[in-house]
Amino acid sequence: MTTAFPYALVADAPNPSHELVQVVRGRRSSLAISIAIHSTSLGPAAGGCRIAHYDDPAAATADALRLAAAMTEKNALAGLPHGGAKAVVALPTAARPTGAERTALLHDLGDAIESLGGSYIAGPDVGSSPADMSVIGERTSHVCCRPVEDGGSGDSSLHTARGTVTALGAVADEIFGVPELSGRTFGVIGLGAVGAHVARLLDRAGARLVVTDVNPATRSLAEELGASWVHPDDALKTEVDVLVPAALGGLLTKHTVPLLRCAAVAGPANNQLDEPDTARLLAARGILWAPDVVVSSGGVIHATGVELRQESEELLTERIRGIALTLRQVFRMARDLQTTPAFAAGQLAAQRVRGGE
Ligand SMILES: NC(=O)c1ccc[n+]([C@@H]2O[C@H](COP(=O)([O-])OP(=O)(O)OC[C@H]3O[C@@H](n4cnc5c(N)ncnc54)[C@H](O)[C@@H]3O)[C@@H](O)[C@H]2O)c1
């Protein structure tokens with residue numbers, strides 16, 4: 001990268017699988033900002049800005065690399081003209097910066113994004129919000145999802161939820177032979193921004209709901225929808241047709257897969273598998289897993305469509321419905337290749353990226 005940085009470049013290491021990896025130290029905040037661009041083969045790389053505590057700043061860079069590669073898959077599978085990237089700001093403690101301190105780190109992040117000349121388009125992720133995108137936007141125009149009143153497309157969680165429910169139709173079709181959600185039981189883990197919308201949409205579709213969250217305040221939504229509530233520790237063991245992870249990643253492991261009592265797992269939570277091999281454990285138990293990179297793409301489809309391509313809501317609804325078609329294609333490929341949907345999704349994404357080269 002030849003762009004002059006207004007602050008110290010800590011590392012600009014060549015990486016065999018990524019186009020660009022940079023770690024800079026913000027001149028205002030002194031925080032380490034890692035930006036990984038995995039691919040721009042299909043277009044400018046889009047991906048969120050994670051602001052989180054890391055004991056070891058090197059782990060933040062490793063996370064940026066891993067998450068950027070997943071964004072390449074997500075964007076390719078969503079049919080978007082975008083590659084994948086991620087920014088990670090490593091906080092030294094669990095305390096969330098506020099006020100002037102937060103503004104300083106967001107301006108540093110904005111400068112780092114701007115220095116990449118538009119090859120990276122940033123959005124919100126864990127630890128950052130649409131309001132933060134407005135502050136980043138004071139330093140760069142390469143940012144999505146500012147609040148609607150600031151000229152952005154705002155919170156994408158409803159669109160992520162719409163995509164998830166569309167995906168659940170394809171999952172129901174695959175396991176029951178009919179796409180209807182009515183009368184099926186879904187176990188929604190996490191009633192946050194996306195999970196609450198998913199629960200409401202499933203309720204509207206006539207589904208039965210078993211829900212949980214570590215935040216007891218979300219129980220009121222369960223009561224409002226007449227959903228059964230389970231303790232978070234029991235969520236994985238609850239008998240449901242489809243388990244819908246909508247909280248944190250890393251939920252599916254060699255320890256948790258044997259506990260499951262469901263026909264399928266499909267939800268918006270990112271990085272549900274602790275490691276790629278866990279996909280095989282799910283398949284061995286006859287549990288269909290819908291890759292999260294496909295299921296969770298409604299938000300990025302909507303945000304980039306509104307802000308970067310000025311697409312109509314009608315077209316965006318059609319694109320979000322396309323998530324079900326992609327998922328059917330992944331399931332079909334997995335059957336044909338006698339492999340897991342996770343592997344098939346990776347193959348399909350790689351084909352699409354190669355096609356864009
Ligand atoms: N917001 C989006 O548009 C979007 C887009 C793509 C993917 N995702 C992914 O979807 C997931 C949810 O995102 P969100 O924006 O709704 O986040 P959020 O923080 O609003 O909601 C997460 C919810 O999960 C709950 N939770 C945390 N740990 C839990 C546990 N162990 N058991 C049960 N509940 C638990 C939290 O209390 C919270 O209510 C994340 O993995 C996120 O990366 C979100």
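**View 1. Residues lining the largest cavity of the predicted model.** The lining is made up of L67, A70, M71, K74, K86, N270, N271, D292 and V293. Together they enclose about 70 Å³ of space. Sorted by class, the lining has four nonpolar residues, two polar ones and three charged ones.

**View 2. Helices at the largest cavity.** Two helices, α1 (57-77) and α8 (292-295), each give at least two residues to the lining. The largest share, four residues, belongs to α1. Among the lining residues are L67, A70, M71 and K74, as well as D292 and V293.

**View 3. The two domains at the largest cavity.** Domain 1 (9-71 + 84-150) contributes at least three residues to the lining of the largest cavity, and domain 2 (157-355) likewise contributes at least three. N270 and N271 are also included in this lining, as is K86.

**View 4. Residues lining the second largest cavity.** This cavity holds about 40 Å³ of space. Its lining consists of G187, V188, I189, V210, V211, T212, V230, A235, T238, V240 and L243. Eight of these residues are nonpolar and three are polar, with no charged residue in the lining.

**View 5. Strands at the second largest cavity.** The strands β7 (185-189) and β8 (208-212) each supply at least two lining residues. Other parts of the list include V230, A235 and L243. In the structure as a whole, there are four cavities of 30 Å³ or more.

Conventions. Residues are numbered from 1 along each chain as its sequence is written. This is a predicted model: local features need pLDDT of at least 70, side-chain atom pairs count only at pLDDT 80 or more; totals for chains, interfaces and linings use all residues. Side-chain values use heavy atoms; hydrogens and water are left out. On a 1 Å grid over the protein atoms alone, a cavity is a set of points where a 1.4 Å probe fits but cannot get out, and a pocket is an open set with protein on both sides within 12 Å along at least five of seven lines; lining residues have an atom within 4 Å of a point. Grid points are joined across faces, edges and corners, and a volume is the space filled by probe spheres set on the points. Ala, Val, Leu, Ile, Met, Phe, Trp, Tyr, Cys and Pro count as nonpolar, Asp, Glu, Lys and Arg as charged, and the others, Gly among them, as polar. Domain bounds come from an automatic or database domain assignment.
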